[in-house]
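Student: Could we go through this one together, with the reasoning behind each label?
Tutor: Gladly; let's look at it first.

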Amino acid sequence: TRKLANGRQSPTSPLKLFGQAKKKINDIFVEISSYVTESGEFLEASNKPESDLLSADDADKVKQFFDKVNGIREILTRDRMKVAFFGRTSNGKSTVINAMLKSKILPSGIGHTTNCFVQVEGTDNSDAYILVEGSTAPRNVQDIRQLANALSSVKLDSDSLVTICWPKEKCSLLRDDVVFVDSPGIDVSPNLDHWIDKHCLDADVFVLVVNAESTLMQTEKNFFHRVSAKLSKPNVFILNNRWDCSASEPEMMEEVKMQHLERTIQFLVEELNVVDRFQAEDRVFFVSAREALICRAQADTRTPTPNSNLLEGFQGRLFEFANFERKFEECISKSAVQTKFAQHTSNGKEIITQVKSVMENLYSTANNKREQRHQFFSETQDQLDYTEKQMRLLSEDIKEKIKLMVEEVDRKVSTALVE
Ligand code: GTP
Ligand code: MG
């Protein structure tokens, strides 16, 4: 099975893909960083003003790369997978997140509960705390009631953000770098475009939580049309939540399910045009977040699940919830690796290529200079050789002439003597 007995995720969880890719790309950037540093030091050492080997442009370039690489490494440590939940008030958005986190972290309840954006992310601390937008002081929270009080004690606009930092040790999804964003009901706020700009542009996956007791609403559709206009092909999952309520009307269940399935698949495939019909089947699920949360929260405290809270057929719905999570994990890790790391990879390549070209410039300038000097020496050498040869020829010549002169004189002397 995928889950180990202690509740930790096994190494085969699709989310590990993100962690592995992050580690690998981080290692690569450590290497790029040392390459850029070494190149920078080498260039600085060779860049003596009198040697005139490096242009000012090239020297500057490498210094800038050093900052750029550090910037990317900094972003890398903050890169996480982000999932945002939307839907009408009371459809169960907060309950779905709690079920995935396996504990009742976010306040939920009847009526309009979540009144601003709430982000849940992991912290290495052993205590939870919250950060409120616009204030730097973290507030400690021990339990859900305190959290609800803390949230309601601050008057915030619907688009402002409260961040709950929850101990990673308590939750495997947070350990694996998933960040959850809960939102107020989309029927409550008029400023949806602002919401999208502020909270959605960097989300890897969107989950639309629909009320299976009614149907997909026009407000919900409109919101996703706007998301889709700003982001090309967003990853959208649709949860038909509160499916436990259908258990009380078993004779209608299949028919209602087919109706919802048809409507939601048609929305994803034909209206939003984000998946094809085949893929859409892995994007629509019928679940009960309430039951999933009850079972999981109790599995943690090891008290037996009170079956009275669970309705007929709950195992099937729990299975469907786990199935949703599996598909969600596959989708979010793949998408986050592509969107976040592809950019870093091409930046890394660009930096290496440019540093290489600066180094090559330096090498070929130095080579040219050596060549010139060599040529100068070899020309001088040739001249010396020529002169030497001339001298030799000349001296041979002189020797010959002297010899002839001597012979001549000799001959003249002997003839004079004879006369
Ligand atoms: P707002 O924050 O107000 O927008 O609502 P929400 O979408 O976050 O809904 P919330 O999770 O607060 O749930 C609303 C109520 O519905 C709570 O009382 C939940 O216990 C209940 N609820 C959530 N999911 C289910 C479900 O699957 N089945 C049933 N029966 N009740 C559910
Ligand atoms: Mg809520």
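Tutor: Let's start with a group of rings: Phe86, Phe117, Trp195, Phe206, Phe223 and Phe224 make up one aromatic cluster. This is a predicted model, where local features need pLDDT of at least 70 and side-chain atom pairs pLDDT 80 or more, while totals for chains, interfaces and linings use all residues. Residues are numbered from 1 along each chain as its sequence is written, and side-chain values use heavy atoms, without hydrogens and water.

Student: Why is the aromatic pair of Phe85 and Phe180 called stacked?
Tutor: Rings of Phe, Tyr and Trp (its six-membered ring) pair if their centres lie within 6.5 Å, and count as stacked with planes under 30 degrees apart, edge-to-face over 60 and tilted for the rest. Phe85 and Phe180 have 6.2 Å centre to centre and 15° between the planes, so they are a stacked pair. Both residues are buried (under 20% relative accessible area with a 1.4 Å probe, protein chains only; exposed is over 50%, partly exposed in between).

Student: What parts does this pair tie together?
Tutor: Phe85 belongs to strand β1 (residues 81-86) and Phe180 to strand β6 (residues 178-182), so the pair links parts 95 residues apart in sequence. Strands (E, at least two residues) and helices (H or I, at least four) are DSSP runs numbered from the N terminus.

Student: How do you know that the charged end of Arg283 sits over the ring of Phe237?
Tutor: That needs NZ of Lys or CZ of Arg within 6 Å of the ring centre and within 35 degrees of the ring normal. The charged end of Arg283 is 4.9 Å from the centre of the Phe237 ring and is counted as sitting over it.

Terms used
Chains are lettered from A and ligands numbered from 1 in the order in which they are written.
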